Amino acid sequence: MSHLAPTGKWDARYLGPVPHDSSYYAKCMLGGVLACGITHAGITPLDVAKCNMQVNPTKYKGLSSGLATLIREEGQTGIWKGFGPTFVGYSLQGMFKYGLYEVFKDQYMNLAGEELSNKYKPAIWLAGSASAEVFADIALCPLEMTKVKIQTSPSGTFPTAFGAALAEMSKTKVETRYPFGSLVPLWSRQIPYTMAKFFFFEKIVQVFYTRVFTEPKESYAKTTQLGVTFASGYLAGVVCAIVSHPADSVVSLMGKPANKGKSIGTIASETGFATLATKGLGTRVLMIGFQWWIYDSFKASMGLGTTGGK
């Protein structure tokens, strides 16, 4: 594929195996829906346990014991609380996170030009992912607040049905700060997370294709390319989970009734950084391994090629 647009000028949208047109970006958005919506909703029980470990660490001391406590007290339905807002919220977030990353990356590369884009690739990755996540979190925030409230409220004190929970959040918006009360801590959690996720993913993929698989990427089988995607995505995910976990804990704690009306700083101070940084971290690492693999599998099936390269 030529790197030149039909006008004859260098254009980042023509660097890949197919042109990055509106159809390409739409397919990337759909891939993001599948990557984030399916993975987050599929591990709702782990998320319920993680949120309760963050909010009530004395009662929910670990993943296995936390799940056992939830099942004992609330039955099997207790570990699937918040499935609806999780699926819808993270589908929307994934749509903007992955789709707009492709858009912003191409735009920033074209603004920088060919020479600077090649010289400062990491800066392009960071700027593109941060820009995409700003919009992704605006879409996610109302549903994330609803999810956390459902998952961390004592049994019988808050509706668990999706529609009823949204209605209750809206009715009590002065108290819950719905729909955007958690946007700043969400940005604090997700923007560093996404910048780390995309930067380290792109960098690790680059290392694979320059140090291990040194032939042109397109010459390798799709199974090999997707294997590189999975390994790179998982390694990047571990790093970004550690980076963003304290803010993730704050988002969960904001839904706790005892913290009603408290500022973010007060909640963080009372909880302590060590607890914010570690409670539920292992569960988050488990949640992130498959997202890049799902996304790139979908892109490959659509003939769009896999993400990243030399």
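**Pocket lining, nonpolar cores and local backbone features**

Helix 6 contributes three residues to the lining of the second largest pocket, the most that any element gives. The structure described here is a predicted model, and the pocket in question encloses about 230 Å³ of space. Its lining is made up of 15 residues, of which Lys149, Glu175, Thr176, Met254 and Gly255 are the closest to the centre of the pocket. At least two lining residues each come from helix 6 (121-152), helix 8 (173-176) and helix 10 (222-254). When the lining is sorted by class, six residues are nonpolar, four are polar and five are charged.

In the interior of the model, the largest nonpolar core comprises 36 residues, and those with the most contacts inside this core are Tyr98, Trp292 and Tyr295. Two or more residues of this core are given by each of helix 1, helix 4 (83-112), helix 6, helix 7 (162-171), helix 9 (183-212), helix 10 and helix 14 (291-301). Apart from residues up to four places away in sequence, Tyr98 touches Cys28, Gly32, Ala35, Cys36, Lys197, Phe198, Gln291, Trp292 and Tyr295. A second core, separate from the largest one, has nine residues, among them Leu46, Val48, Leu67 and Leu70.

The loop between helix 8 and helix 9 shows two backbone features. Arg177, which is placed in this loop, has a positive phi of about 65 degrees although this residue is not a glycine. Because its relative accessible area is 30%, which falls between the limits of 20% and 50%, Arg177 is classed as partly exposed. Pro179 lies in the loop between helix 8 and helix 9 as well, and the peptide bond that joins Tyr178 and Pro179 is cis, with omega at about 10 degrees.

Two further residues illustrate opposite degrees of exposure. Asp11 is found in the segment before helix 1 (22-42), and since its relative accessible area is 7%, under the limit of 20%, this residue counts as buried. The side chain of Asp11 makes a polar contact, at 3.0 Å, with the side chain of Asn110. Leu111, by contrast, is placed in helix 4 and counts as exposed, because its relative accessibility of 70% is over the limit of 50%. Although Leu111 and Ala12 are 99 residues apart along the chain, their C-alpha atoms are separated by 9.7 Å.

Technical notes. Residues are numbered from 1 along each chain as its sequence is written. This is a predicted model: local features need pLDDT of at least 70, side-chain atom pairs count only at pLDDT 80 or more; totals for chains, interfaces and linings use all residues. Side-chain values use heavy atoms; hydrogens and water are left out. On a 1 Å grid over the protein atoms alone, a cavity is a set of points where a 1.4 Å probe fits but cannot get out, and a pocket is an open set with protein on both sides within 12 Å along at least five of seven lines; lining residues have an atom within 4 Å of a point. Grid points are joined across faces, edges and corners, and a volume is the space filled by probe spheres set on the points. Helices (H or I, at least four residues) and strands (E, at least two) are DSSP runs, numbered from the N terminus. Ala, Val, Leu, Ile, Met, Phe, Trp, Tyr, Cys and Pro count as nonpolar, Asp, Glu, Lys and Arg as charged, and the others, Gly among them, as polar. Buried means under 20% relative accessible area, exposed over 50%, partly exposed in between (1.4 Å probe, protein chains only). A polar contact is a pair of N or O atoms within 3.5 Å; within protein, one must be able to donate a hydrogen and the other to accept it, and residues adjacent in sequence count only if both atoms are side-chain atoms. A nonpolar core is a set of buried Ala, Val, Leu, Ile, Met, Phe, Trp, Tyr and Cys residues joined through side-chain atoms within 4.5 Å. Contact means heavy atoms within 4.5 Å.
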